[in-house]
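Here is a short briefing to read alongside the model. Have the sequence and the 3D view at hand as you go through the points.

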Amino acid sequence: MDIRDVTPDDLDDVLDLRRRSFGPSPEADKERWRQAVLPVLGEGRYIGVFDGSRLAGAARLRGFTQWWHGRPQPMAGIAGVTVGPEDRGRGVGTRLMRAVIRRGVALGDAVSALYPATTPIYRSVGYEHAGAQHVVTLPAEALRAIRPATEVKVRRMGPADAAEVVSLLHRVHGAARASGPASWDVDTWRLWLGNPDDFLYLTEDGYVIYRWPGADIEVDSLVAGSEETLRTLWSLVGSGSSVAKQVLASVAPDDPMLWLLREWTRVEVRQVRWMFRVLDVATAVERRGYPEHVSCDAVVSVADAVRGGGTWRLEISGGSGAVTPVTSPDGVQLSVNGLSALYAGIPSATLRLSGLMSGDDRYDEALDSAFAAKPYMLEHW
Ligand SMILES: CC(C)(COP(=O)(O)OP(=O)(O)OC[C@H]1O[C@@H](n2cnc3c(N)ncnc32)[C@H](O)[C@@H]1OP(=O)(O)O)[C@@H](O)C(=O)NCCC(=O)NCCS
């Protein structure tokens, strides 16, 4: 079997593979998918496994921006990993994922994330559990009560606001020193903001995207850079409380909205887990943000069967990281899964007890302080 880029001529076969993998989807969704995929085929972000001319598997590397401690970097968001039923269980998916990782590096992405439908295949190529999309269920009336003290100007938004949304995300996630949230590029945002089923509102420093598919309102994402905007947008969603009794909302685990609720005792939270992988150790560490006042000087050895691994000295101070390859055998021993989880803020105590980290423990506390994070995502793909 060969691995090569998917071309426009292969799209019907990819759609057929998706039908055999995820079940049937409405014609309108297929058309939207084509519109989103066609323009990016030339960018090397869709690869397939072919048995002669027959498509056996496919995967997409979406180009995201992801924030780590408030600093943005390009991230390969893996989607549409599919192997035809007749080819499953023979290592095709694993081969495809190894090619995806190499392609991500070639495209300049040092980190990658995905929402797994099943964990073992991704773990076997170095992805590890890192964060979640947190979906809370709240009474709509509780949100309506979060009123602002002053009036904030709100307007409807649409495709023409795509660039403004991206710039707003840079400002808000940067200022909040957020870890985990991701953004599509402007072109993809333009497509999303044209979805007729969504309600979209924008202020000077925030936006909300929500929909009403059944009895409950669903908040896709709400981002706010000030308390007044936060109150305005959540109470706007809650203003539907005379008809919709519940709101399901994708939020950060420390979302400030939760601290504005009058009552917050038992809240149902559904976690949809995502996995994360460092593709290029040196670049990923150098692109990440860190707490300004923390310093860490550690030697880490990373075992990575797909990328080769190595030993590096990590010097983190003043909010930035520098990386140098070293030959010293001493240091912390990590699988690439362990390094990826550490990067996402999973504490060394957890990594050691789950077999993802071993060796010299003198750097553990410094590494924990440097990489501390509570990663989340508002978006799902
Ligand atoms: C998941 C999928 C891509 C795996 O492809 P594949 O070619 O069968 O994978 P491989 O043969 O390389 O197997 C890799 C590992 O995944 C495991 N795996 C495969 N399918 C699995 C499933 N349905 N449930 C749990 N584990 C599974 C295999 O057991 C193997 O692990 P092991 O070596 O520890 O036994 C394929 O089954 C598929 O397309 N499924 C439907 C769509 C889907 O779920 N895609 C993933 C979206 S995130």
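Arg177 is partly exposed, because 17 other C-beta atoms lie within 10 Å, which falls between the limits of 12 or fewer for exposed and 20 or more for buried. Arg177 sits in the loop between helix H6 (162-175) and strand E8 (182-183), and its phi is near 50°, a positive value in a residue other than glycine. Please keep in mind that this is a predicted model.

**Other loop residues**

- Most residues other than glycine have a negative phi.
- His69 also deserves a look, with a positive phi near 50° in a residue other than glycine.
- You will find His69 in the loop between E3 and E4.
- His69 counts as buried because 20 other C-beta atoms lie within 10 Å.
- Ala215 belongs to the loop between strand E10 (206-211) and strand E11 (217-224).
- With 9 C-beta neighbours inside 10 Å, Ala215 is classed as exposed.
- Although Ala215 and Gln246 are 31 residues apart in sequence, their C-alpha atoms are 7.8 Å apart in space.

**Helix H3**

- Helix H3 (residues 92-106) has 15 residues and, at 1.5 Å a residue, should span 21 Å; its end C-alpha atoms are indeed 21 Å apart, so the two values agree.
- The buried residues in H3 are Gly93, Leu96, Met97, Val100, Ile101, Arg103 and Gly104.
- These buried residues cover an arc of only 165° around the axis, so they lie on the same side of H3.
- An α-helix has 3.6 residues a turn, so residues three or four places apart point the same way.
- What covers the buried residues of H3 includes four strands and a helix: strand E2 (46-51), strand E3 (54-68), strand E4 (71-83), strand E5 (111-114) and helix H4 (120-124).
- Just after H3 comes Gly108, with a positive phi of about 95°.

**Around the ligand**

- Which residues come nearest to the ligand? Of the 16 residues around it, they are Arg88, Gly93, Thr94, Ala117 and Ile121.
- Gly93 is also one of the buried residues in H3.
- At least two residues of the shell around the ligand come from each of E4, H3 and H4.
- Sorted by class, this shell has seven nonpolar, seven polar and two charged residues.

**Domains and their contact**

- The protein chain is divided into domain 1 (2-126), domain 2 (134-271) and domain 3 (280-371).
- The centres of domain 1 and domain 3, taken over C-alpha atoms, are separated by 28 Å.
- Between these two domains, 13 residues of domain 1 are in contact with 14 residues of domain 3.
- On the side of domain 1 that touches domain 3, E4 and H3 each supply at least two residues.
- H3 gives the largest share of that side, three residues.
- By class, the side of domain 1 that touches domain 3 has six nonpolar, four polar and three charged residues.

**Helix H11**

- How many of the eight residues of helix H11 (residues 336-343) are buried? Eight of the eight are, so H11 is largely enclosed by the rest of the structure.
- The buried residues of H11 are Val336, Asn337, Gly338, Leu339, Ser340, Ala341, Leu342 and Tyr343.
- Just after H11, Gly345 takes a positive phi of about 90°.

Methods:
Residues are numbered from 1 along each chain as its sequence is written. This is a predicted model: local features need pLDDT of at least 70, side-chain atom pairs count only at pLDDT 80 or more; totals for chains, interfaces and linings use all residues. The expected span of a helix is 1.5 Å times one less than its number of residues. The arc is that of the directions from the helix axis to the C-beta atoms. Two residues are in contact if their C-beta atoms, placed from the backbone, lie within 7 Å. A residue is near a molecule or strand if its C-beta atom, placed from the backbone, lies within 6 Å of it. Ala, Val, Leu, Ile, Met, Phe, Trp, Tyr, Cys and Pro count as nonpolar, Asp, Glu, Lys and Arg as charged, and the others, Gly among them, as polar. Domain bounds come from an automatic or database domain assignment.
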